[in-house]
Amino acid sequence: MQNAEHDGDIPVNSQVSYGASAHASSDMKSSPSKATASNIGSAQIAARLDRLPPSRTVWTIIVLISLGGVFEFYDLFFTGYVAPGMTKSGLFTAQSLGFFAHLDAIKVAGFGTFVFSTFAGLWAGVVLFSQLADRFGRRPVFTWSLVWYVVCTAIMAFQHSGEMVNVWRFVAGVGFGVQLVTIDTYISELIPSAERGRAFSVNQFITFSVVPVVALLAWLLVPIAPLGLDGWRWVVLIGSTGAGLVWLLIRRIPESPRWLALQGRLEEADRVTTAIETRVQAETGRPLPAPKSDIAEEVGAGRFGEIFSAHYRGRTLMLSLFNMAQVIGFYGFAAWVPTLLIARGITITHSLEYSFIIAVANPFGPLLGVLFADRIERKSQIIWGLLIMGLAMLGFANATLPAVLIVLGVVFTLASNVMSYAYHNYQAELYPTRIRATAVGFVYSWSRIAAAFAGLAVGYFLNAGGVMAVAFFIAMAMVVGIAVIGLFGPATNGVSLESSGM
């Protein structure tokens, strides 16, 4: 190890005493030597992962993780598309809503109670459960949150009152709300640093590919009742069934070696890393490059309060403000596209048609990002995405020709999805492994609660001042996002996960 520390290279077989480390986390505080050994082992695991060349082995894991995340996007985006069918079923009358009818006091009524329940559940999920991924591991939280989604969403599909639909909508949101946070954490820890940007762009290309699918399913099924079951229920059940099938595929995804090492479970971390290395080497047919030494993270469990410590307080505040700002543009446009088009003089029929065309653009923003995700600084991608979103929205408010409205809608969608994959990557990079899921869950939770009320604000501005008022509201939110990232966000491109999180 002295030579390795001297020249910066760590031999592949150079290990601390892994056989004696299985119980390291339990007595690490009482044994500084074990803590030191675990620190060294954690740094070795990180260095071994970062030196891996591009390979089918690692990218297969990324694709499988991404498939698990598809259904959060399916769920979020079917909300607007099933609205007419759910309303037609009589679910959102005051009598059917029961307890939820009282939300009228804060101007949430009818289908708005379903939207509110959705984002309230997502917010509760990330606040209450994001810490579980830091405590129990990425893999169990990721896989079981998908099971939670399958069960709760299937139950929701068979409810016949707005009150119980909203209850199960909230419960489902609590469970799978933590999933996207866990996915961001998972990917950032498994992928080599040189490919991290592309990994997030591919991840969101896969997840956003479901948006036109759900738009098409809703278009075909919502107006009818196959086998006597309302079309909107079929849309919900298709998502639940698909998630169940994906769960069968993802059960063998390995736990994050970085997380295992930080818990002092070095033998397990070594076993997982060695299995990946063996497959990559067999696939490439070349010896793996020697790992480079890196900063050793502090081992053991993190604490929630650590995200407010002197070192991380600024990042936590910055990302919390940013998440509230970005979601106003992201969902403020995506969830209101048909209504905004109608407000610009487009008929209802053509509005749905144009909305579908705009929805098709969703996967292509992240796909474009594959070309530059690791070449352009992450915070710059976020800033340019927000700037283009604001300008496109202002243009949308002034345009009258259908073709121009569609083009501007597509431009806004492409820019918002580039911004999306970049910031999901960025915020996962700014915290150490021991608190990564906890911190990302906390800052991301502000986007959930902001989304719940942003819809109310968009509706208010649309009624008060038309599409221009909505555009100005979104543009101002984009300015806030640009300011907090531009002024206070550190650079992360080309930096190891351990270094960027310090």
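Is Leu 227 buried or exposed? Leu 227 is exposed, with a relative accessible area of 81%. The legends below describe a predicted model.

**View 1. Overview of the chain.** The chain has 502 residues, and 57% of them count as buried. Its secondary structure consists of 22 helices and zero strands. Of the contacts between residues at least 6 apart in sequence, 84% join residues at least 24 apart. The structure contains 15 salt bridges, and some of these appear in the views that follow.

**View 2. The loop that holds Leu 227.** Leu 227 sits in the loop between helix 11 (210-221) and helix 12 (231-250). Its phi angle is near 55°, which is a positive value in a residue other than glycine. With a relative accessible area of 81%, the residue is exposed.

**View 3. Packing of helix 9 against helix 20.** Helix 9 spans residues 162-190 and helix 20 spans residues 402-429. The two pack at an angle of about 70°, and their axes lie 9 Å apart. This angle makes helix 9 roughly perpendicular to helix 20, because angles of 65 to 115 degrees count as roughly perpendicular. On the helix 9 side, the contact is made by Leu 180, Asp 184 and Ser 188. On the helix 20 side, these residues meet His 424, Gln 427 and Ala 428. By class, the residues of the contact divide into two nonpolar, three polar and one charged.

**View 4. Salt bridge between Glu 189 and Arg 138.** Glu 189 and Arg 138 form a salt bridge in which the closest N and O atoms are 2.6 Å apart. Glu 189 lies in helix 9 and Arg 138 in helix 8 (residues 138-157), so the pair ties together parts that are 51 residues apart in sequence. Glu 189 is buried, with a relative accessible area of 0%. Arg 138 also counts as buried, at 0% relative accessibility.

**View 5. Salt bridge between Arg 198 and Glu 195.** Here the closest N and O atoms of Arg 198 and Glu 195 are 3.4 Å apart. Arg 198 counts as partly exposed, at 28% relative accessibility. Its partner Glu 195 is buried, with a relative accessible area of 4%.

**View 6. Salt bridge between Arg 265 and Glu 268, with a separate network.** Arg 265 forms a salt bridge with Glu 268, and the closest N and O atoms are 2.9 Å apart. Arg 265 counts as partly exposed at 27% relative accessibility, and Glu 268 counts as partly exposed at 29%. Elsewhere, Arg 48, Arg 51, Asp 270 and Glu 277 are joined into one network by salt bridges that share partners.

**View 7. Surroundings of Ser 445.** Ser 445 belongs to helix 21 (residues 436-488). At 1% relative accessibility, this serine counts as buried, since the cut-off for buried is under 20% relative accessible area. The side chain of Ser 445 reaches the backbone oxygen of Phe 442 at a distance of 2.5 Å. Leaving aside residues up to four places away in sequence, Ser 445 touches Trp 123, Val 126 and Val 127.

Key. Residues are numbered from 1 along each chain as its sequence is written. This is a predicted model: local features need pLDDT of at least 70, side-chain atom pairs count only at pLDDT 80 or more; totals for chains, interfaces and linings use all residues. Side-chain values use heavy atoms; hydrogens and water are left out. Axes are lines fitted to C-alpha atoms, for helices over the stretch in contact, and angles run from 0 to 180 degrees between N-to-C directions. Helices (H or I, at least four residues) and strands (E, at least two) are DSSP runs, numbered from the N terminus. Angles under 35 degrees count as roughly parallel, over 145 as roughly antiparallel, 65 to 115 as roughly perpendicular and the rest as oblique. Contact means heavy atoms within 4.5 Å. Ala, Val, Leu, Ile, Met, Phe, Trp, Tyr, Cys and Pro count as nonpolar, Asp, Glu, Lys and Arg as charged, and the others, Gly among them, as polar. A salt bridge is a side-chain nitrogen of Lys or Arg within 4 Å of a carboxyl oxygen of Asp or Glu. Buried means under 20% relative accessible area, exposed over 50%, partly exposed in between (1.4 Å probe, protein chains only). A polar contact is a pair of N or O atoms within 3.5 Å; within protein, one must be able to donate a hydrogen and the other to accept it, and residues adjacent in sequence count only if both atoms are side-chain atoms.
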